[in-house]
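Hi everyone, thanks for coming. Let me put the structure up on the screen so we can walk through it together.

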Amino acid sequence: MDPECSRLLPALCAVLADPRQPVADDTCLEKLLDWFTTVTAAGSSLLLLQENPCLVELLFRVLKSQDLSSRILSFSLRLAGIFAAQEDCFQYLQGELLPMLFGEVGPLGGAAWTAPAVRSGWIQGLRTLAQHPSALRFLAACGAVDTIFSLQGDSSLFVASAAGQLLVHILDLAMRGPARGRCSPQACDWPACAQKIVCHIEDSLCSIATPQVTQALNVLTTVFGHCRGLWTQGLWVRLSPLVARLLEKDPVPASHSLVDLLLSVARSSVPSSDRGLWETLAQTLSHLSPTQAGPLALGILKLQDCPQALRTQAFGILLQPLACVLEAAAQAPGPPGLLGGAAGDPMTADTLLCSKSACVGLLCCALTHLGLLQPLPQRPSPWPQAPLLGAAVTVLRLCSGSVAPTSDVGGRLCAILVGCGRVQRAALDFLGALSQGAGPQESVTQVFSVLLEYLMSPESSSMVLKKAFQATLRWLLSSPKTPGCCDLDPRTQLFLRELLPVLQKRLCSPCWEVRDSGLEFLTQMTRHCGGQAGFRQALLASEVPELTKQLLQDPESYVRASAVTATGQLSSWALLAAPASPERPGAQQKSLLVELLHVLCADSEGFPRRAVMQVFTEWLRDGHADVAEDPERFVARVLQAASRDPDWEVRAQGLELALVFLGQLLGPRGSHCPCAVALPETAPPGTLAQALPEAAPPGTLAQALQVLCRVQLFEFAFRALFDCDRPVAQKSCDLLLFLRAKAAPCGSPQEAGDSPNVASVEATLQRWQAGEQGQPLGYLEPGAVMAVLRSIDLEGLRDTLAESSDHVEKSPQSLLQDMLAAVGVLGENEADCY
Amino acid sequence: MKLYCLSGHPTLPCNVLKFKSTTVMLDCGLDMTSTLNFLPLPLVQSPRLSNLPGWSLKDGNAFLDKTELIDLSTVDVILISNYHCMMALPYITEHTGFTGTVYATEPTVQIGRLLMEELVNFIERVPKAQSASLWKNKDIQRLLPSPLKDAVEVSTWRRCYTMQEVNSALSKIQLVGYSQKIELFGAVQVTPLSSGYALGSSNWIIQSHYEKVSYVSGSSLLTTHPQPMDQASLKNSDVLILTGLTQIPTANPDGMVGEFCSNLALTVRNGGNVLVPCYPSGVIYDLLECLYQYIDSAGLSSIPFYFISPVANSSLEFSQIFAEWLCHNKQTKVYLPEPPFPHAELIQTNKLKHYPSIHGDFSNDFRQPCVVFTGHPSLRFGDVVHFMELWGKSSLNTVIFTEPDFSYLEALAPYQPLAMKCIYCPIDTRLNFIQVSKLLKEVQPLHVVCPEQYTQPPPAQSHRMDLMIDCQPPAMSYRRAEVLALPFKRRYEKIEIMPELADSLVPMEIKPGVSLATVSAVLHTKDNKHVLQPPPRPAQPTGGKKRKRASDDIPDCKVLKPLLSGSIPVDQFVQTLEKHGFSDIKVEDTAKGHIVLLQEAETLIQIEEDSTHIICDNDEMLRVRLRDLVLKFLQKF
């Protein structure tokens, strides 16, 4: 501890122990504890206490004081725990202080115990303290374990949960002792402390009160989730009969916690030693209700290695709700076991029909679980893709009321599900997930038709429509390409032709969320299929591109932003409306550039402007035709607009664009000699290196620097360097460092003269740094720029920027001073009152 | 209590309720779907329409949905629930001998008048080339092409009423306000409640002291322009008559409005015109409000909106003055002061223009592309006929149907082949089945009575079990021309006791909490009110001849025998009999009580819950002895 802190500590301890000077801010105490944790981790606690007797004194005074606030008491308990975590310090404190703090004579028996903060502090103190065998003996001696047992049922959830975790910690500590291998289940050689805890768990498991069973199961779940010792295997052998006995009760108590425990055990090292676990899991699957069994089944299927029979059973459970739906909606009685042998189980059917909430809950869970399973490598095989597609389509049709089931069950299911948005969203997500697998032609046709139905239906809510668009996108992107060419297959093309009028209508929706999802869909679709003739043809024949452009004027800023992205994407693929006249090809597209620049300069909201910057960056990167015509002018205009933008993300994106431009002029990051990279033949095709003016032969740094000076990139970057928003400054720093690194090998030191130009630039920069950013830099010579670049301590600046903004205020010394000052201020106020 | 069901149309109901000596007609809707059997009435003679093979031009008749089930001159009052449900009023008030009163709220009457005025205007302004009625003869009707030959009861179809008839009918209406209590002959009280469907639309409570019948017709729980529905007052009904649910239960109005706006924008952006066949009041206010918010976002600010109806101006202006009948939001605007509906601003900024017809100013201002709202939604008469003829040939144009009353395919039939796009966005804000089921759970009527259409899924969607009323006990259904005996009996009647009579009563407690007193009084009944008055004093014996007084008619009150109460415990009774020397006693149990058989004396004592008979053979002494023994067990007062 540094001397200054040592000097401040006594005063602080006095303040803390003084009930008349309450500490207003809880976070200070937390920071103080953090600091002590760091200090004790670095050195001896005992030494710390000996050098700073005020600390022990504080603990004593806290114990003696009657009217101290609960937060100081809680703080002291935790502080004592931190010190006592080291065994020698523990011995030092053990004689008097620790029993008084944690034993029955301490807060435990007093009025302060009613405050949850004190109980929580007591638990956390013990949790920190319990690091060595002496601690275990202490716990046994002061009867703390019994208190922890009772705290498991505490009214405060935080306290109850911490008590459970403390039990696990103590058990682990007790069993971690040297040379303990796998323990026998009888456990006569288990340490007394562990024995006591395990007996308590056993008693709880046998209890008829569900909360107790839940507590025991939660403790065990933590044990198997966190403790890696071999002893856990013995523990399981000992407790598994009791756990299995829970299944005999009807209903199964604490089923959620039971599922968590079983999955936690199955993921631990237990299964390798105990094959009985699989049996318990199988039993549990068959005993739990369909709704409760779902998460367990999913967990089992995610396990890396488990018996095939169990996996089949678990998969069956996940499939059952859908099998019921398929069965209920079947026009004629179909073959049994539509879904890989999983026939509609009567219990599942009952759950589906008993109430709307049960039905919706079960179906949503089943759909979500199967959707999560679909992309996993360990998903069940064979995967019943076709029946699952059928089920998803049927669920969606039941929800829209467009299927007419003939059976009674089907009719009731239809009445429950019709118009249910939650199931619709889950089913659409699932349908989207299924796009990753192939399906029979007939099923895929059905998928497209149900998606179209949803996209068309006026009844679809905006969220459902969003999901429908997402699912449609996934199916369109996964649809097979025509063999031998990279175009869409005829069926997909047919679908597209039907889809585009719907999209067109959705883009005119009065609900902005719908317009937005429509635009997002269009952007994604164009990004992936913009080059495919079938898509291009269908899109150009529709009014979608024109409508998209009109949405640049939408009153909702999110929609404008999406429209900017969409038009940018369309324009990249030359899919925006055809040129106005044959003589002026690209006239329309040019006007889009102007339009987007207008958005960047004039839009009152940040989202559309950010979107414009992203589009421009992408255009520059991809060599968009309009940009390639005159990249210099383009970059200059964009940077000029971005530099004035009030939104830091726009300015940051401006630096991103500048970086792309630099990369194209000087070669990408990492390559050292720009002269070589910038040569036309080695530059990546379509980059701007090709587009450098003829007059300036490429390959020379000086010319590149000339270009950068002309587009006023340096003015932009230097301004950004002193930006009040740290990410912008950091990005600018990176950019200038990159530039300097590129330029250094080729640059000549004699350029860096002490010319008046350089001096004035430096002076201006200093003013900028001080916050006066009004004055422009004016035109800069490349030489002056390089000189300035070399003179600025960019590395130092980068390091400063990397520090968090409160790094100065974070020092322990400042913390102590702040706390003292806060109390001092309080005192002054009191004086004023008199 | 009986319900006579005169209309088979669930949203245009006409029922007559006989309740406690009053005859109340609930609504008189006019089902105009029969007009679809006729050709459109063009403003300008249309060669195309008149040359259609096998058809002859007829005037627009209306189908009056009445039967000879009940003599309508006996109807005491007519309760109107909304302006759509009063369109048959002139037929009843002017042609049936009706002499009663009609009750309706002010907006209902004013807007109802506009609708009737528009209807009469549409029909009367078209010169009638021919008029024919012989075809209604069944033998001739059989020969007509389908669907005319299949139309039922064409003999009941009537010519449209005239403006005089309308005025005369409306003059019989008495205006009422929400929650106002109206006494009908002292027998029942009727109260209109806000139903949330249209300006001034109401549900009605018809109640006596002990019975309550609720009549729910055309109600809405959506937040549109009218005052919200008053559900609480419907609680504790013995019978709830439920009519006027949404006609399109599968279409959610919000989705439909979205659909309407999207299609409108798409058409106009492509340079096409949009035609919206509609009534001059109701949903049009909400549509204009939606468009007001939408047109700027959709870039349609420069597109003119035309509202053409003989009553367009009145409708738009009336809507702004009925502030007290509007929803809370709109009411508060009035205090700002601002017009409650934003269409005022549309008119001010010249975005919405209204005209009485296509003649005159409209032809000068007409600019395309545009959006036209005009009637009639059946496409058989009104200015809409002209626009259908004008725009039907171009696929750029769109007709958007928003009124759910007519089948749009049938409405379009005479205009085929049609190039213009047709969009069906029926907007019906009335209750759907989910809302009904919530409402019924909330108000818990003992019995629900509804049209039979509501008790089964729609024929086209027989699997949609959710599209029907689901309540316990199951709803009673009615169909046209049926008389329904409502399933509850009147048990009680309220009788008042005059204070002086009440003073004279001396109640005697016969068991804790129950006291009895005998009352001798004269029951006086007038205007369905019953009053117990003190009986006249016994006439003083007079020697002389005096004029006979009215009170002499009342028979002299005899000395009253005491009244008996209590029950006879058979075992104890038998013991008592034995004590008094009767032997050979047998007791038989019967369905209603017991028979005590005194075999020796050949006597029967029949003890039942409310009577005891001693049957002995002419032995008066024995009877009196037995009677006294029986009386020992009973209390007298």
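I'll start with some ground rules, then go through chain B as a whole and one helix of chain A.

This is a predicted model, where local features need pLDDT of at least 70, side-chain atom pairs count only at pLDDT 80 or more, and totals for chains, interfaces and linings use all residues. Residues are numbered from 1 along each chain as its sequence is written, chains are lettered from A and ligands numbered from 1 in the order written, and side-chain values use heavy atoms, leaving out hydrogens and water.

So, chain B. We have 17 helices and 33 strands here, taken as DSSP runs (H or I, at least four residues, for helices; E, at least two, for strands) numbered from the N terminus. Chain B is more spread out than a compact globule, because its radius of gyration is 34 Å, well over the 26 Å that the globule rule gives for 637 residues. That radius is taken over C-alpha atoms, and the rule is 2.2 Å times the number of residues to the power 0.38. Along the principal axes, the C-alpha atoms of chain B fill a box of roughly 110 × 55 × 55 Å. Of its 637 residues, 50% are buried, meaning under 20% relative accessible area with a 1.4 Å probe, protein chains only.

Now over to chain A and helix α20, residues 356-373. Its 18 residues should span 26 Å at 1.5 Å a residue, and the end C-alpha atoms are indeed 26 Å apart; the expected span uses one less than the number of residues. Which residues of α20(A) are buried? Among them are A:Cys359, A:Leu363, A:His369 and A:Leu373. Their cover includes α17, α18 and α21 of chain A, with contact meaning heavy atoms within 4.5 Å.
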